[in-house]
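Visitor: I've just pulled this one up and could use a quick tour. Where do we start?

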Amino acid sequence: MNITENIKYIGVNDKTIDLFEGQYEVPNGVSYNSYMIVDQKIAVMDTVDVRKTEEWLDNVEIALCGRVPDYLVVSHMEPDHSASLKAFMQKYPSATIVGNEKTFNIAERFFGDIFKNKHVVKDGDELVLGAHTLKFVFAPMVHWPEVMFSYELSEKVLFSADAFGKFGALDCDEDWTCEARRYYFNIVGKYGATVQSVLKKAAALDIKIVCPLHGPVLSENLDYYIGKYNVWSSYLPEDKGVTVAYASIYGNTKTAAEKLAVELENKGVKVSLFDLARCDLAEAVEDAFRYDKLVLASITYDGGIMPVMEDFINHLKIKNYQNRTVAFMENGSWAPMSGKLMRASFEAMKNITFAESVVTVKSAVEAQAEQQITALATELSK
Ligand SMILES: Cc1cc2nc3c(=O)[nH]c(=O)nc-3n(C[C@H](O)[C@H](O)[C@H](O)COP(=O)(O)O)c2cc1C
Ligand SMILES: [Fe+2]
Ligand SMILES: [Fe+2]
């Protein structure tokens with residue numbers, strides 16, 4: 001597959017992986033992208049996960065058309081992109097491995113002291129391949145310390161590492177935004193500030209094509225994708241709406257959460273409802289960031305909150321959740337205190353506005369709780 005006349009796609013699809021990065025459901029698989037720039041010198045851009053080494057090496061060989069690669073550029077040392085490094089070096093011992101100081105520090109931790117034939121680059125350095133020239137744009141902590149983008153000057157192609165990546169194999173037909181957003185907030189989310197810095201660097205480049213390490217190559221409407229990354233990395237809500245996430249055992253807290261959802265929808269508010277024990281937690285994290293308001297409903301559980309709710313709140317905390325309005329619905333048969341406990345976790349987060357209305361259920365939803373639900377729906381719909 002050709003991206004341009006001289007830039008070829010040599011990546012692979014993985015549709016058999018059960019969980020990406022050990023925790024993310026990927027119903028449509030994932031792609032590990034790799035590219036080849038063919039010029040007087042040939043540069044291979046990144047390798048792939050160990051699950052697909054052989055298939056990738058075949059792709060490399062076919063694309064080489066009998067030639068030998070001069071360079072392998074390593075933009076990211078996470079093993080979904082670097083695990084086939086050693087196999088590549090064994091097959092093409094004359095190729096020079098291109099990375100920065102941090103790339104090789106990490107690479108040696110994975111592979112030992114095998115990098116004799118290496119070219120260490122600094123931020124802004126250029127590598128001439130012939131008519132093509134790669135300029136290295138460091139993107140530290142997007143989302144590992146060694147990450148660097150490569151910008152090809154003649155064809156204006158940005159090799160963007162994990163940035164602009166999405167879940168889903170390349171042959172699946174699905175919306176970019178939903179799966180790119182789930183990828184972004186769960187994998188990169190903590191590093192909004194560093195994404196903002198690299199977006200500023202990228203703004204100085206004239207970009208025609210973006211080649212990420214996962215998901216489709218982007219060549220149209222680039223302002224749309226860059227705009228999304230700008231909103232996501234600044235932690236601003238993307239859409240108006242309420243994410244309602246509940247943790248319930250016998251169904252009463254669930255009933256309360258569903259009643260709230262119906263009342264909100266009746267007022268024209270967009271609602272995204274999650275049963276935290278059964279949903280894909282990564283989807284709930286995604287929507288918590290997408291919308292401007294969040295409602296958490298949990299039973300009181302052994303004097304605390306239900307473990308799935310604790311887990312969810314912890315995910316939000318790790319990913320730097322901020323700038324949202326948050327409300328609570330609690331339940332408990334003898335001493336309901338989950339509302340107070342959930343609130344305490346959010347007090348340490350930046351710029352959280354707490355709704356005044358709190359819903360307290362004392363086992364089953366009765367008249368007083370119903371009034372509180374209505375009051376909360378009214379407050380959140382304003
Ligand atoms: C394992 C377990 C621990 C619980 N711990 C508490 C508690 O510490 N305080 C309390 O008031 N209720 C506690 N409860 C009771 C539930 O919070 C209460 O019955 C609630 O109404 C259940 O809501 P649900 O119908 O949504 O599951 C506990 C229930 C279970 C099963
Ligand atoms: Fe990564
Ligand atoms: Fe990746």
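Guide: With a bit of vocabulary, since this is a predicted model and I'll be talking about strand pairs a lot. Two strands pair if DSSP finds at least two bridges between them.

Visitor: Okay, so which residue is the bridge partner of Met45 in β8?

Guide: That would be Val73. The strands concerned are β7, residues 42-45, and β8, residues 71-73, which run parallel and are joined by three bridges.

Visitor: What sheet do those two belong to, and in what order do the strands come?

Guide: An open sheet of six strands with mixed pairing, in the order β1-β6-β7-β8-β9-β10.

Visitor: Which strands stand at the edges, and why is one side of each left without a neighbour?

Guide: β1 (7-9) and β10 (118-120) are the edge strands; each has a single partner strand, so one side of each has no neighbour in the sheet. On average, neighbouring strands in this sheet are turned by 20 degrees against each other, direction ignored.

Visitor: Tell me about the other open sheet, then. How many strands form the one that starts at β11?

Guide: Five, in the order β11-β12-β13-β14-β15, and again the pairing is mixed. At its edges you'll find β11 (126-128) and β15 (209-211), each with a single partner strand, so one side of each lacks a neighbour in the sheet.

Visitor: How do β14 and β15 pair, parallel or antiparallel?

Guide: Parallel, over three bridges, with β14 covering residues 157-159. Val157 has Ile209 in β15 as its bridge partner.

Visitor: Changing topic: what's around ligand 1?

Guide: There are 19 residues around ligand 1, and Ile249, Tyr250, Asn252, Thr253 and Gly332 come nearest. By type, the shell divides into seven nonpolar, ten polar and two charged residues.

Visitor: Which elements each supply at least two residues of that shell?

Guide: α8 (252-266) and β18 (291-301) do.

Visitor: Let's stay with β18. How many of its eleven residues are buried?

Guide: Nine, so to speak of β18 as mostly covered is fair by the definition of buried, 20 or more other C-beta atoms within 10 Å of a residue's own.

Visitor: And what does β18 pair with?

Guide: β16 (residues 239-247) pairs with β18 in the parallel sense over seven bridges, and there Tyr246 stands opposite Ala297. β20 (residues 325-331) is also parallel to β18, over seven bridges, with Leu294 partnered by Val326. β19 (residues 304-305) pairs with β18 in the antiparallel sense over two bridges, and Thr300 has Ile305 as its bridge partner there.

Visitor: What's going on in the hairpin of β18 and β19?

Guide: It has two residues between the strands, and Asp302 takes a positive phi near 50 degrees.

Visitor: Any helix packing to look at? At what angle do α6 and α7 pack?

Guide: About 145 degrees, with axes 9 Å apart; α6 is residues 192-203 and α7 is residues 222-233. The crossing is left-handed.

Visitor: Which residues make the contact?

Guide: Gly192, Val195, Gln196 and Leu199 from α6, and Ile226, Tyr229, Asn230 and Ser233 from α7. They divide into four nonpolar, four polar and no charged.

Visitor: Last bit, the whole chain. How many helices and strands does the chain have?

Guide: Twelve helices and 22 strands. Of its 382 residues, 44% count as buried, and the C-alpha trace spans about 75 × 35 × 35 Å along its principal axes.

Notes. Residues are numbered from 1 along each chain as its sequence is written. Chains are lettered from A and ligands numbered from 1 in the order in which they are written. This is a predicted model: local features need pLDDT of at least 70, side-chain atom pairs count only at pLDDT 80 or more; totals for chains, interfaces and linings use all residues. Helices (H or I, at least four residues) and strands (E, at least two) are DSSP runs, numbered from the N terminus. A residue is near a molecule or strand if its C-beta atom, placed from the backbone, lies within 6 Å of it. Ala, Val, Leu, Ile, Met, Phe, Trp, Tyr, Cys and Pro count as nonpolar, Asp, Glu, Lys and Arg as charged, and the others, Gly among them, as polar. Axes are lines fitted to C-alpha atoms, for helices over the stretch in contact, and angles run from 0 to 180 degrees between N-to-C directions. A crossing is left-handed if the near helix is turned anticlockwise from the far one by less than a right angle, and right-handed if clockwise. Two residues are in contact if their C-beta atoms, placed from the backbone, lie within 7 Å. A residue is buried if 20 or more other C-beta atoms lie within 10 Å of its own, exposed if 12 or fewer, and partly exposed in between; C-beta atoms are placed from the backbone.
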